[in-house]
Amino acid sequence: MSESKGVLQGFKEFLMRGNVIELAVAVVVGAAFTNIVNAVVKGIINPIVGALGSQNLDHYQSCLTATCAKDPKTGAFTDGIYILWGSVLSAALTFLITAAVVYFLMILPINKWKERQSARQAAEAGPADPTEIELLTEIRDALLAQRTGSPSVPSPTSGTIGTQKTHE
């Protein structure tokens with residue numbers, strides 16, 4: 001039973017990490033923008049590239065063998081080995097546009113918001129509490145002052161205990 005609690009607690013901690021949430025947002029937004037990106041690639045990018053040749057990037061190809069043949073009626077390859085680099089280029093452009101949209105519309109604004117929140121929290125936090133080492137230094141100085149019988153002179157790092165001792 002305790003092992004299952006440990007596993008469930010670990011799973012909860014895994015899910016609550018910032019990276020997992022950012023990854024989930026990126027996947028969902030990327031899936032949502034797929035149709036838009038495909039329309040941009042087919043409607044804008046392909047015609048621009050098509051000004052150099054075919055308007056469909058899938059038609060860009062290279063033949064690896066000396067005898068490459070294509071059926072003129074169907075467009076099917078009948079002989080040779082073809083590399084369809086136009087399809088790869090189209091997929092790469094789709095990926096880059098999707099990544100840019102996710103970054104500029106989701107990740108960048110969230111990061112800016114997080115920076116503003118952390119700066120606001122730092123300003124509202126005020127002065128920090130003394131550290132354990134500072135408190136121990138103050139206690140040491142107060143004990144030394146009691147032993148020598150001289151009034152406690154706070155050291156540059158002391159604050160609360162030295163001040164309390166001088167007020168007594």
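Which residues make a nonpolar surface patch of about 460 Å²? Select Leu64, Ile81, Ile83, Trp85 and Leu89, and you have the patch on your screen. Keep in mind as you go that this is a predicted model.

**Stop 1: the patch**

Zoom in on isoleucine 81, which sits in the loop between β3 (77-79) and β4 (82-83). Isoleucine 81 has a relative accessible area of 48%, so this residue counts as partly exposed.

**Stop 2: the whole chain**

Now zoom out and colour by secondary structure. You should be able to pick out six helices and four strands. Going along the sequence, the pattern reads α-α-α-β-β-β-β-α-α-α. Switch on the surface: the chain exposes about 12700 Å², and carbon and sulfur atoms supply 65% of that area. Of the 168 residues in the chain, 14% are buried. If you count contacts with a separation of 6 or more, 36% of them come from residues 24 or more positions apart.

**Stop 3: helix α4**

Select residues 85-125. This is helix α4, with 41 residues. From the first C-alpha to the last, α4 reaches 57 Å, close to the 60 Å expected at 1.5 Å a residue. Follow the helix to tyrosine 103 and look for a bend of about 40°.

Next, show the side chains of the buried residues in α4: Gly86, Ser90, Thr94, Thr98, Val101 and Val102. Look at how their numbers are spaced as you click through them. An α-helix has 3.6 residues a turn, so residues three or four places apart point the same way.

**Stop 4: helix α3**

Move to residues 34-50, which form helix α3. This helix has a bend too, of about 35° at valine 41. Valine 41 is also one of the buried residues here, along with Val37, Asn46 and Gly50. What covers them? Part of the answer is a helix you've already visited: the cover includes α4.

Stay in α3 and pick isoleucine 36. Is isoleucine 36 buried or partly exposed? Its relative accessibility is 48%, so isoleucine 36 counts as partly exposed. Now use the distance tool from the C-alpha of isoleucine 36 to the C-alpha of threonine 98. The two residues are 62 residues apart along the chain, yet these atoms are separated by 9.0 Å. Threonine 98, remember, is among the buried residues of α4.

**Stop 5: the salt bridges**

How many salt bridges does a search of the whole structure find? There are two.

For one of them, select glutamate 22 and lysine 114, whose closest N and O atoms are 3.2 Å apart. Glutamate 22 lies in helix α2 (residues 18-32) and lysine 114 in helix α4, so the pair ties together parts that are 92 residues apart in sequence. Check both ends against the surface. Glutamate 22 is partly exposed, with a relative accessible area of 32%, and lysine 114 is partly exposed as well, at 39%.

For the other, jump to arginine 140 and aspartate 141, where the side chains meet with 3.1 Å from N to O. The partners differ in how much they show: arginine 140 is partly exposed at 47% relative accessible area, whereas aspartate 141 is buried at 15%.

Note on methods
Residues are numbered from 1 along each chain as its sequence is written. This is a predicted model: local features need pLDDT of at least 70, side-chain atom pairs count only at pLDDT 80 or more; totals for chains, interfaces and linings use all residues. Side-chain values use heavy atoms; hydrogens and water are left out. Helices (H or I, at least four residues) and strands (E, at least two) are DSSP runs, numbered from the N terminus. Buried means under 20% relative accessible area, exposed over 50%, partly exposed in between (1.4 Å probe, protein chains only). Contact means heavy atoms within 4.5 Å. Accessible areas come from the Shrake-Rupley method with a 1.4 Å probe; for residues, only the protein chains shown count as cover. The expected span of a helix is 1.5 Å times one less than its number of residues. The bend at a residue is the angle between axes fitted to the seven residues ending there and the seven starting there. Patches are made of residues with over 30% relative accessible area and no salt bridge: like charges are joined within 9 Å, nonpolar side chains (Val, Leu, Ile, Met, Phe, Trp, Tyr) within 5 Å. A salt bridge is a side-chain nitrogen of Lys or Arg within 4 Å of a carboxyl oxygen of Asp or Glu.
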